[in-house]
Protein chains: 2
Amino acid sequence: MKEVYHLFSGGKDSSLAAWILSRMGYEVKLVTVTFGILDNWRFAKETAEILGFEHEVVKAPREIMERAIKMCIEDRRPGRAIQYIHERALELIASREEVKRISDGTRRDDRVPFLDLRKTRSLEDRFNVAYMRPLLGLGYKTIRELVNEIFIVKEDESEKLEKGDYETELRYALREKGINPRDIFPPRHIQSRVVGLR
Amino acid sequence: MKEVYHLFSGGKDSSLAAWILSRMGYEVKLVTVTFGILDNWRFAKETAEILGFEHEVVKAPREIMERAIKMCIEDRRPGRAIQYIHERALELIASREEVKRISDGTRRDDRVPFLDLRKTRSLEDRFNVAYMRPLLGLGYKTIRELVNEIFIVKEDESEKLEKGDYETELRYALREKGINPRDIFPPRHIQSRVVGLR
């Protein structure tokens with residue numbers, strides 16, 4: 001059976017990508033990365049159960065989060081930090097002996113996280129894996145159309161919607177250091193979480 | 001029903017992309033573009049029948065081929081010409097009133113034909129279509145794995161394998177003008193055609 005380890009937050013992009021992989025005949029194993037700061041990974045686990053996929057939670061070294069926080073403070077914006085965390089998360093999964101295929105829900109219209117062709121091939125070569133991004137060739141229209149057809153989605157502003165993504169932990173960790181995440185993240189950032197199948 | 005008009009040559013890439021779109025729930029309508037020089041579109045039609053998708057042949061203006069031939073002669077390589085023909089073929093399909101979604105089998109590792117983000121959005125905006133590329137997020141390993149699992153493929157050098165693609169007509173048209181296509185195209189270019197389903 002062709003297993004693919006898929007980075008999963010419970011959001012609509014990573015959920016749709018998992019659904020497409022499964023339709024393509026892959027055995028999808030969902031992986032949520034946490035830094036052990038919060039237990040927001042349980043929102044991803046809930047969605048994983050709804051979608052009917054295997055799910056595991058992988059704890060990443062706290063140093064990664066510490067470096068990401070520094071990047072946020074230096075840049076006064078979250079882009080480089082999110083990119084950094086995502087690359088390390090991919091490497092963490094790809095480095096496991098049993099893993100031959102990794103994937104995520106990054107899209108054509110995303111600026112971060114996003115691996116360009118050079119980084120993509122480097123990841124594949126260093127860890128001898130195939131890196132699959134089912135949404136990369138799809139635009140926002142197509143993604144919206146499929147999401148609305150397949151999933152029931154809950155949407156709200158980032159701070160109000162708990163989700164199993166890096167951003168939730170990053171925001172919390174910033175607040176712990178006395179930094180207001182609103183000074184770093186864009187003001188009206190709508191997040192989504194898949195809460196059901198249609 | 002969600003219809004997608006998919007540029008189709010009968011090769012493994014456009015066949016795999018069609019298969020994925022169909023697995024995603026789209027009604028795939030295959031389109032092979034010809035310049036009326038050869039009847040090699042019938043190889044695409046054969047493969048379309050094997051795959052069980054609707055298929056139509058669309059005749060593109062001969063001027064497009066004439067300009068492509070000039071590009072080949074100027075550049076002594078086929079890249080710009082292939083890119084030019086592909087963009088015009090996408091526009092030709094996208095410009096039809098009933099067409100809301102177009103797609104092709106271009107891959108992550110292709111240099112041509114390939115539309116960058118700016119050209120992709122321009123195509124979508126000018127014709128109010130969604131442009132879908134199911135193979136864009138997949139590497140050669142994944143594509144090879146899926147192709148071998150799903151299709152029976154015949155492979156040979158470009159000049160020996162007749163296929164329903166632009167290259168076959170472009171080579172013929174060059175020869176008609178007294179130019180040896182081997183002076184333009186790379187020497188050992190292996191082409192593939194899907195001849196069966198596993």
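Colleague: Let's start inside chain A. How many bridges join strand β1 to β4(A)?

Modeller: Two bridges join them, and the strands run parallel. Strand β1 of chain A covers residues 3-7. Keep in mind that this is a predicted model.

Colleague: Okay, and which residue is the bridge partner of Tyr5(A) in β4(A)?

Modeller: That's Ile102(A).

Colleague: Where do those strands sit in the whole sheet of chain A?

Modeller: The sheet is open and has five strands, in the order β3-β2-β1-β4-β5, with parallel pairing. Its edge strands are β3 (54-59) and β5 of chain A, and each of them pairs on one side only. From one strand to the next, the twist averages 30°.

Colleague: What lies across that sheet? I can see a helix, α1(A).

Modeller: Yes, α1(A) lies across β1, β2 (27-34), β4 and β5 of chain A. Its direction is at about 170° to β1(A).

Colleague: Switching to chain B: what's the strand order there?

Modeller: In chain B, five strands form an open sheet in the order β3-β2-β1-β4-β5, and the pairing is parallel.

Colleague: Why is one side of β3 and of β5 in chain B left without a neighbour in the sheet?

Modeller: Because β3 (54-59) and β5 (130-132) of chain B stand at the edges, where each has a single partner strand. As for the turn between neighbouring strands of this sheet, the average is 30°, with direction ignored.

Colleague: And how do β1 and β4 of chain B pair?

Modeller: In the parallel sense, over two bridges, with β1 at residues 3-7 and β4 at residues 101-103. Tyr5(B) has Ile102(B) as its bridge partner in β4(B).

Colleague: New topic: the place where the chains meet. How many residues of each chain are in contact?

Modeller: On chain A, 27 residues are in contact with 27 residues of chain B. About 2,400 Å² is buried between the two chains, and carbon and sulfur atoms give 45% of that.

Colleague: Which residues of chain A lose the most area to chain B?

Modeller: Arg23(A), Met24(A) and Arg108(A), which together make up 24% of what that side buries.

Colleague: How many salt bridges are there across the interface?

Modeller: The rule finds eight salt bridges between chain A and chain B. In one salt bridge, the side chains of Glu124(A) and Arg108(B) meet at 2.8 Å, N to O. Across the interface there are also 15 residue pairs in polar contact.

Colleague: Which helices and strands of chain A supply at least two residues of the side that touches chain B?

Modeller: They are α1 (12-23), α5 (117-127), β5 (130-132) and α6 (140-150). The most comes from α6(A), with five residues. Sorted by class, the side of chain A that touches chain B has twelve nonpolar, four polar and eleven charged residues.

Colleague: Last thing: what kind of peptide bond joins Val112(A) and Pro113(A)?

Modeller: A cis one, with omega at about -15°. Pro113(A) is in the loop between β4 (101-103) and α5 of chain A. In chain B, a cis peptide bond joins Val112(B) and Pro113(B), with omega at about -10°. That proline, Pro113(B), is in the loop between β4 and α5 (117-127) of chain B.

Colleague: And what about phi of Asn128(A)?

Modeller: Phi there is near 50°, a positive value in a residue other than glycine. Asn128(A) is in the loop between α5 and β5 of chain A.

Colleague: Why point out things like that?

Modeller: Because most residues other than glycine have a negative phi, and most peptide bonds are trans.

Conventions
Residues numbered from 1 in each chain as written. Chains lettered and ligands numbered in written order. Predicted model: local features only at pLDDT ≥ 70, side-chain atom pairs only at ≥ 80, totals over all residues. Heavy atoms only, no water. Contact = heavy atoms within 4.5 Å. Buried area = accessible area lost by both parts, 1.4 Å probe. Salt bridge = Lys/Arg side-chain N within 4 Å of Asp/Glu carboxyl O. Polar contact = N/O pair within 3.5 Å; in protein donor to acceptor, adjacent residues only side chain to side chain. Helix = DSSP H or I, 4+ residues; strand = E, 2+ residues; numbered from the N terminus. Nonpolar A, V, L, I, M, F, W, Y, C, P; charged D, E, K, R; others polar. Pairing = 2+ DSSP bridges. Axes fitted to C-alpha atoms, helices over the stretch in contact; angles between N-to-C directions.
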